[in-house]
Amino acid sequence: MIFDRWMEYIKDEVKITSLVIPGAHNAGSYGMSFMAECQKDTLLTQFNYGIRHYCLRLNTDRRGNIVIAHGISKGDLFDNVLSDIRQMLINSNEILLLDIQEYYDQKFGPVTLKFKADKDKVNSMLAHYIEPEKYAYYDFDNIKDVTIGDIKKAGKRYILINEFEEYDYSRSCESIRPWEKPVNSAKAEQFAAETLRFFDDYKTDGLYWFQVQQTPNIGTPIGLTPPYKLDEDLRKYYKSIIKGIEENPFYLESANIIAGDFMTRDYMKSSEILRLNALKGNVKEGLVDEFLKGIEY
């Protein structure tokens, strides 16, 4: 298997926005309550399953520690997450997309919940663990023009994505993350039938973050079903969703970050996602068969 080094097979001229990248939705939510947990394993394990895009949302606990957040749920210390990322940088040459910011405000009627993670403290932690000055690729005008080779030639290892460029060496990249409550809160069969329509309705020249997971909501067909139960039902349709991308030339061209819940249950999701790179011509000449064999599960 090559899930821990699959980028070795990608052509240098492939743009980041054209590469098909497995992503982890709420990557740091492992160990949270059953209604907030979207992943079962740490980032280092996720990396070994092929994940290269990490959605990390921050808050502060009662002791003043920066922690991973999913709404009001608080998870692992940010120190532990950054330590995992440090290991990725030390032990591999893969390129990462690190989407890091405070958890966004949530409104409940007249009440707005705000989540805080002191910018200076986060900057200090980033500098200590993952050295953005050394490893972050930030000297570009538009993400749509960045290739794998550009990052390699600069001797960099990741792009630190932050909407407001709050952190040193972070970039606010043009991106899109389609989500519609009637679709993402539908039952698995309906979700699978309707979610591909997002490629028709939402377009960008930047990062296309296609989320293949449902969202529990009160008053919807799935209600407040725990994410792990939703994932159990959706897995039955996962291959058909990826096949729908494969069979539509426009969807295949648009495919970029494909994220979801419980990405380390087995290698099925990463394998299906990565296979699209071969179909898009992103794999180096003469290595396609080896690449496809290496992502079998």
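Which residue takes a positive phi in the hairpin of β2 and β3? I shall come to the answer shortly, after a word on the model.

This is a predicted model, in which local features need pLDDT of at least 70, side-chain atom pairs count only at pLDDT 80 or more, and totals for chains, interfaces and linings use all residues. Residues are numbered from 1 along each chain as its sequence is written, and side-chain values use heavy atoms, with hydrogens and water left out. Helices (H or I, at least four residues) and strands (E, at least two) are DSSP runs, numbered from the N terminus.

Let me return to the opening question. The residue is G64, with a positive phi near 90°, in a hairpin that has 5 residues between its strands. Strand β2 comprises residues 53-60, and 3 bridges join it to β3 in an antiparallel arrangement. Strands are said to pair if DSSP finds at least two bridges between them. One such bridge links N59 with V67 of β3.

On its way onward, β3 also pairs with strand β4 (residues 73-77), again in the antiparallel sense and over 3 bridges. Here H70 has S73 of β4 as its bridge partner. The hairpin of β3 and β4 has 2 residues between the strands, and G71 in the turn has a positive phi of about 65°.

Is β3 enclosed or open? Buried means under 20% relative accessible area, exposed means over 50%, and partly exposed lies in between, with a 1.4 Å probe and protein chains only. In strand β3 (residues 66-70), 5 of the 5 residues are buried, so the strand is largely enclosed by the rest of the structure.

I turn now to two helices. Helix α2 has 14 residues and reaches 20 Å from its first C-alpha to its last, close to the 20 Å expected at 1.5 Å a residue. The expected span is 1.5 Å times one less than the number of residues. Buried in α2 are F78, V81, L82, D84, I85, M88 and L89. These residues cover an arc of only 150° around the axis, which puts them on the same side of α2. The arc is that of the directions from the helix axis to the C-beta atoms.

Helix α3 (residues 119-130) has 12 residues, and its end-to-end C-alpha distance of 16 Å is close to the 16 Å expected at 1.5 Å a residue. Its buried residues are V122, N123, M125, L126, Y129 and I130. They cover an arc of only 165° around the axis, and therefore lie on the same side of α3. On the other side of α3, D120 and H128 are exposed. The cover over the buried residues of α3 includes β2, β3, α2, β5, α4 (132-135) and β8 (158-161), where contact means heavy atoms within 4.5 Å.

The ends of α3 also deserve a remark. At the N-terminal end, D118 acts as a cap, with a side-chain oxygen 3.2 Å from the backbone nitrogen of D120. Just after the helix, E131 takes a positive phi of about 45°.

Next comes the interior. A nonpolar core is a set of buried Ala, Val, Leu, Ile, Met, Phe, Trp, Tyr and Cys residues joined through side-chain atoms within 4.5 Å. The largest such core has 58 residues, of which Y54, F78, I85, F210, I245 and I258 touch the most other members. Helix α2 gives the most to this core, with 6 residues. A second, separate core of 31 residues includes I2, I10, I21 and F140. In soluble globular proteins, nonpolar side chains tend to be buried together.

Finally, I would draw attention to two individual residues. E94 lies in the loop between α2 (78-91) and β5 (96-102). Is E94 buried or exposed? At 3% relative accessibility, E94 counts as buried. Its side chain reaches the backbone nitrogen of M7 at 3.1 Å. Beyond its neighbours within four places in sequence, the contacts of E94 include W6, F47, R52 and R157.

Y9 is placed in the segment before β1 (21-24), and it too counts as buried, at 3% relative accessibility. The side chain of Y9 makes a polar contact with that of R5 (3.5 Å). A polar contact is a pair of N or O atoms within 3.5 Å; within protein, one must be able to donate a hydrogen and the other to accept it, and residues adjacent in sequence count only if both atoms are side-chain atoms. Leaving aside neighbours within four places in sequence, Y9 is in contact with residues including I2, L287 and F291.
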